[in-house]
Amino acid sequence: MAVVLKVLLILALVVVGLFILTFTVYIFNLDMKLTALIEPWLLKHYDKIERDTHL
Amino acid sequence: MAKEIGADRLGDFYKDGGKVRKRREWRGLRDTMYDYSRWLVIMGTLAKFVMKPRNVKAMFRYRWMANYLAVPMMVDRHTQGLRGEYLRMCHTEQDLIIDDVAKLLDNLFRGDRRIGNDREFSKKVVLVDENEMTAVMMGFPTLKGLSRETPSTYVSVLLNQHAAEHYIDLAQQFGLAGDVCPMPEAELGVSIDDDAPVLGACAIQCNTTCDGSLLGNGVISRRLEQEDGIPVFQLAAPLRHREDDVQEYAAQEIRNAIAFIEKHTGEKWDWKHYFECARRVNVATECRQEWLEMNRTPYPQVFGSNLALYTETNYMAICGKIPEFEKADRKLTELARQAFAKKKMAAKEYRHRAIIWGVQSHYYMDFLVWLLNCWGIVPLTDMLSMVSTRRIAEEDTPENREQAIYDMAWLTENMIMRNRTHGGYRVLLDELWEFTQQFNADMVILWEHMSCKALDGMHGLFEDRARELGINLVWVSHDLFDPRIISRQGVRDQINNYMRSVMREEPLDPSLEVLHDEESW
């Protein structure tokens with residue numbers, strides 16, 4: 001019984017921890033702030049790709 | 001941070017010159033948790049997409065894929081200020097569209113010769129235009145009708161206002177005119193830049209509406225046919241679509257298109273599947289009509305971008321082929337009925353009832369939400385949502401098989417935009433004033449897409465009639481895909497100036513009047 005309770009407690013802590021983490025990312029828009037940093041790097045990468053550019 | 005509609009200063013979420021917003025809205029516990037749960041679902045959709053190595057490869061190959069970094073922000077832009085049923089309607093639509101676009105991208109990259117190179121799959125793909133009614137695919141359940149232009153240009157500009165600039169500039173560097181519509185010009189730029197996935201057994205292009213579209217399609221089809229070996233059919237639907245004497249020609253074009261697809265894919269037209277799709281088209285039409293009926297009352301429910309974005313997707317790109325959209329139609333109708341019964345409103349005050357006419361700015365699709373939140377102007381319906389309401393044959397009988405050809409022709413002629421910008425004086429001008437009366441509107445917001453020659457020359461005619469009827473007519477100029485010509489603030493200023501100088505009103509939310517979002521996605 002004690003083992004089951006311990007597992008349930010750990011599971012509850014994990015769920016609460018994940019909720020706090022993801023909700024913080026959500027409410028402070030951290031996902032978009034991170035991807036906004038990635039975009040300029042990606043655009044530089046696209047400029048370097050060899051392309052068969054023509055009409 | 002408020003539960004009540006209209007209690008927040010929504011402009012405070014913007015950071016001057018920033019690409020993204022400072023934080024997301026607190027909408028009260030229930031609505032915030034709902035929005036958060038939908039954000040998790042969107043993150044799940046994106047995670048599922050990037051788990052496939054070929055999609056990651058595509059991310060590093062195609063420039064327009066960078067715009068998909070902004071998917072969650074697009075949803076935030078359209079849900080701004082929404083609560084209760086309106087928030088749920090928006091997520092029902094947007095989350096489904098995101099899922100549908102993710103599947104479209106996945107399929108494109110699966111067949112793409114540069115990425116997945118699944119040859120057997122590619123033989124079952126028919127490429128279609130972005131701005132094309134996909135009715136001719138309703139009887140081919142084993143084929144995939146995929147549009148390359150939808151994710152590369154159309155959706156990209158919804159995600160990121162600057163998405164098309166690179167491609168527009170490239171097309172002009174190659175000598176194409178700068179005064180054609182930037183949408184087909186950007187699509188052509190993608191082709192010139194060798195930035196379109198290459199796949200498919202054949203392609204169907206459509207004479208959409210304009211000089212830019214014909215120009216772009218001509219060059220794109222040359223590359224498809226002569227370099228990629230993908231045969232292209234030109235589906236030339238009549239422009240005078242209200243005339244009886246063009247219908248037989250339109251029907252023959254449909255027969256020819258179906259025969260072309262059968263020839264190049266080896267598949268046969270399936271009437272059972274066609275009529276199942278036709279039934280779903282009728283469900284979508286019935287639901288849309290019910291929403292529009294509600295919008296004629298003092299308590300409109302499915303309106304603004306909730307109506308516009310969904311109709312564009314469901315009517316033209318889906319066209320009864322995807323069962324999930326029928327479920328969404330019914331869910332949206334249920335939410336609308338609930339809110340209507342409770343006489344709910346999406347903003348704290350409705351000051352003006354507006355019909356939005358003309359072709360809207362793609363780089364500022366959330367303008368309709370802004371109109372509501374900033375000035376209390378309710379966008380009851382828009383030109384692109386006023387599409388065919390005719391029921392099509394849905395029972396499989398010998399007579400209906402012949403009628404179905406005419407129904408597909410009718411839908412193709414009446415695809416979004418071309419059913420109003422072409423077809424004569426009545427569909428563009430006269431019917432607008434009929435709608436203003438039916439919807440009890442006191443205002444018309446008239447988009448002036450400056451590169452759209454279909455609407456040039458009508459300016460004075462609109463003004464004369466609005467004056468006669470006592471309707472407040474507000475012109476809003478824009479350049480569809482190019483915010484460098486008229487910025488989002490330039491769009492807003494045209495409304496701000498009218499509301500202050502002509503209407504002598506103060507905004508509902510002054511924080512939204514001037515926003516420094518030039519660099520924003």
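These exercises work through a predicted model of two chains, A and B.

**Exercise 1. Two chains, two builds**

Task: Compare the radius of gyration of chain A with that of a compact globule of 55 residues, then treat chain B against the globule rule for 521 residues.

Solution:
1. Start with secondary structure. Chain A has 2 helices and 0 strands. Chain B has 19 helices and 8 strands.
2. Apply the globule rule to chain B. The rule gives 24 Å for 521 residues, and the radius of gyration is 22 Å, so chain B is as compact as a globular protein of that length.
3. Turn to chain A. A compact globule of 55 residues would have a radius of gyration near 10 Å, but chain A has 22 Å.
4. Check the boxes along the principal axes. The C-alpha atoms of chain A fill roughly 75 × 25 × 15 Å. Those of chain B fill roughly 60 × 50 × 45 Å.
5. Add burial. In chain A, 9% of the 55 residues are buried. In chain B, 56% of the 521 residues count as buried.
6. Finish with contact range in chain B. Among contacts with a separation of 6 or more, 79% join residues 24 or more positions apart.

**Exercise 2. The side of chain A that touches chain B**

Task: State which helix of chain A gives the most to the side that touches chain B.

Solution:
1. Count the residues in the contact. Chain A provides 22 and chain B provides 20.
2. List the contributing helices. Helix 1 (2-27) and helix 2 (30-48) of chain A each supply at least two residues to this side.
3. Rank them. Helix 2 of chain A gives the most, with 11 residues.
4. Sort the chain A side by class. It has 11 nonpolar, 6 polar and 5 charged residues.

**Exercise 3. Enclosed or open?**

Task: Decide whether helices 4, 14 and 18 of chain B are largely enclosed or largely in the open.

Solution:
1. Take helix 4 (residues 84-111) of chain B. Its 28 residues should span 40 Å at 1.5 Å a residue, and its end C-alpha atoms are 41 Å apart, which agrees. Of these 28 residues, 22 are buried, so helix 4 is largely enclosed by the rest of the structure.
2. Take helix 14 (residues 367-375) of chain B. Here 9 of the 9 residues are buried, so this helix too is largely enclosed by the rest of the structure. The buried residues include B:Phe367, B:Trp370, B:Asn373 and B:Trp375.
3. Find the neighbours of helix 14. Its buried residues pack against helix 3 (71-78), helix 12 (305-318), strand 5 (352-357), strand 6 (377-382) and helix 19 (488-501) of chain B.
4. Take helix 18 (residues 459-469) of chain B. The number buried is 1 of 11, so helix 18 lies largely in the open.
5. Look just past two of these helices. B:Gly376 follows helix 14 with a positive phi of about 70°. B:Gly470 follows helix 18, with a positive phi of about 70°.

**Exercise 4. Two helix pairs**

Task: Classify the packing of helix 4 with helix 13 and of helix 7 with helix 8, in chain B.

Solution:
1. Get the geometry of the pair 4 and 13. The axes come within 9 Å and cross at roughly 170°.
2. Classify that pair. Angles over 145 degrees count as roughly antiparallel. Helix 4 and helix 13 of chain B are therefore roughly antiparallel.
3. Inspect the contact. Helix 4 residues, among them B:Arg88, B:Met89 and B:Leu96, meet helix 13 residues including B:Phe325, B:Leu332 and B:Leu335. The classes are 7 nonpolar, 2 polar and 5 charged.
4. Repeat for helix 7 (residues 165-173) and helix 8 (residues 182-192). The axes come within 7 Å and cross at roughly 80°.
5. Classify again. Helix 7 and helix 8 of chain B are therefore roughly perpendicular.
6. Inspect this contact. B:Tyr167, B:Ile168, B:Leu170 and B:Ala171 of helix 7 meet helix 8 residues including B:Pro182, B:Leu188 and B:Ile192. The classes are 9 nonpolar, 1 polar and 1 charged.

**Exercise 5. Positive phi outside glycine**

Task: Locate B:Lys343 and B:Asn440, and say whether each is buried or exposed.

Solution:
1. Recall the background. Most residues other than glycine have a negative phi.
2. Place B:Lys343. Its phi is positive, about 55°. B:Lys343 lies in the loop between helix 13 (323-341) and strand 5 of chain B.
3. Test its burial. B:Lys343 has 9 other C-beta atoms within 10 Å and is exposed.
4. Place B:Asn440. Its phi is positive too, near 55°. B:Asn440 is in the loop between helix 17 (425-438) and strand 7 (443-449) of chain B.
5. Test its burial. The cut-off for exposed is 12 or fewer neighbours. B:Asn440 has 12 C-beta neighbours inside 10 Å, so B:Asn440 counts as exposed.

Definitions and conventions:
Residues are numbered from 1 along each chain as its sequence is written. Chains are lettered from A and ligands numbered from 1 in the order in which they are written. This is a predicted model: local features need pLDDT of at least 70, side-chain atom pairs count only at pLDDT 80 or more; totals for chains, interfaces and linings use all residues. The expected span of a helix is 1.5 Å times one less than its number of residues. A residue is buried if 20 or more other C-beta atoms lie within 10 Å of its own, exposed if 12 or fewer, and partly exposed in between; C-beta atoms are placed from the backbone. Two residues are in contact if their C-beta atoms, placed from the backbone, lie within 7 Å. Ala, Val, Leu, Ile, Met, Phe, Trp, Tyr, Cys and Pro count as nonpolar, Asp, Glu, Lys and Arg as charged, and the others, Gly among them, as polar. Axes are lines fitted to C-alpha atoms, for helices over the stretch in contact, and angles run from 0 to 180 degrees between N-to-C directions. Angles under 35 degrees count as roughly parallel, over 145 as roughly antiparallel, 65 to 115 as roughly perpendicular and the rest as oblique. The radius of gyration is taken over C-alpha atoms; the globule rule is 2.2 Å times the number of residues to the power 0.38.
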